[in-house]
Amino acid sequence: FIEISRNYMNIKRQFGHKKNKGFTLIEMIVVLGAFTIVITISLSSFLAILNAQKKSISIGNVQENLRFAMEMMLKEIRTGTSYYCGIVYDDFGNGANNRDCASGGPVITFRTSSFKVIIYRLKNGVIEKYSSDYSNPQCASTPSDDNCFLKMTFPEIKIQDLKFYVVGSRPL
């Protein structure tokens, strides 16, 4: 009886009854499926964060552009003289006459301390600036066309309303 048991154990060892090492095909498919789901979720989260960062940068650029335009306008307007308030976007005055407008207008014309004529206006949602010291001879005295104006805000920015108020203007 003992001899038979020993022979049975030897036969058992010879024909693969030892533990197999490795993975089955089903285990590999399950692991690859789980890995694919984790990668898909991670990638979509990464793309969402990347999109939010791009939007944040765009908003920051818009705010910086508007801040720059406003600071430039305020500095020049604060130090100007002989203010003229236009009631439509192509009503400029000549830089020597004055006009108050307590209800506001889309254009302001004034002179600087160096006697340059400066015009700020809102046209088609963009803040534009004219200066009499531009090198274009057609634009030297007064703006003859829209090419005399420089756009101060990005084309992506659409300003819906901008009014300049002039009260108590006095001649130079």
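Which pattern does the protein follow when read along the sequence? In the predicted model, the order of elements is α-α-β-β-β-β-β-β-β. The protein thus comprises two helices and seven strands. One of the helices, α2, covers residues 25-78. Strand β1 spans residues 81-86, and strand β2 spans residues 101-105.

Some totals describe the chain as a whole. The protein has 172 residues, of which 29% count as buried. The area exposed by the protein is about 12500 Å², and 62% of this area is supplied by carbon and sulfur atoms. When contacts between residues at least 6 apart in sequence are considered, 51% of them join residues at least 24 apart.

The model contains one disulfide. This bond is formed by Cys85 and Cys101, whose sulfur atoms lie 1.7 Å apart, and a pair of cysteine sulfur atoms is counted as a disulfide within 2.5 Å. Cys85 belongs to strand β1 and Cys101 to strand β2, so the pair ties together parts that are 16 residues apart in sequence. The torsion about the S-S bond of Cys85 and Cys101 is about 65°, and the disulfide is therefore right-handed. Residues under 20% relative accessible area are classed as buried. Cys85 is buried, because its relative accessible area is 0%. Cys101 has a relative accessibility of 6% and therefore also counts as buried.

Strand β1 also holds Ser82. Ser82 counts as buried because its relative accessibility is 1%. The side chain of Ser82 is in polar contact with the side chain of Asn98, at 3.2 Å. Strand β1 therefore includes Cys85, a partner in the disulfide to strand β2, as well as Ser82, with its side-chain contact to Asn98.

A further feature is found on the surface. Leu43, Phe46, Leu47 and Leu50 form a nonpolar patch there, and together these residues have about 370 Å² of accessible area. Phe46, one of the patch residues, is placed in helix α2. The patch residues are on the surface, whereas Ser82 in strand β1 is buried, as are Cys85 and Cys101.

Definitions and conventions:
Residues are numbered from 1 along each chain as its sequence is written. This is a predicted model: local features need pLDDT of at least 70, side-chain atom pairs count only at pLDDT 80 or more; totals for chains, interfaces and linings use all residues. Side-chain values use heavy atoms; hydrogens and water are left out. Helices (H or I, at least four residues) and strands (E, at least two) are DSSP runs, numbered from the N terminus. Buried means under 20% relative accessible area, exposed over 50%, partly exposed in between (1.4 Å probe, protein chains only). A polar contact is a pair of N or O atoms within 3.5 Å; within protein, one must be able to donate a hydrogen and the other to accept it, and residues adjacent in sequence count only if both atoms are side-chain atoms. Patches are made of residues with over 30% relative accessible area and no salt bridge: like charges are joined within 9 Å, nonpolar side chains (Val, Leu, Ile, Met, Phe, Trp, Tyr) within 5 Å. Accessible areas come from the Shrake-Rupley method with a 1.4 Å probe; for residues, only the protein chains shown count as cover. A salt bridge is a side-chain nitrogen of Lys or Arg within 4 Å of a carboxyl oxygen of Asp or Glu. Contact means heavy atoms within 4.5 Å.
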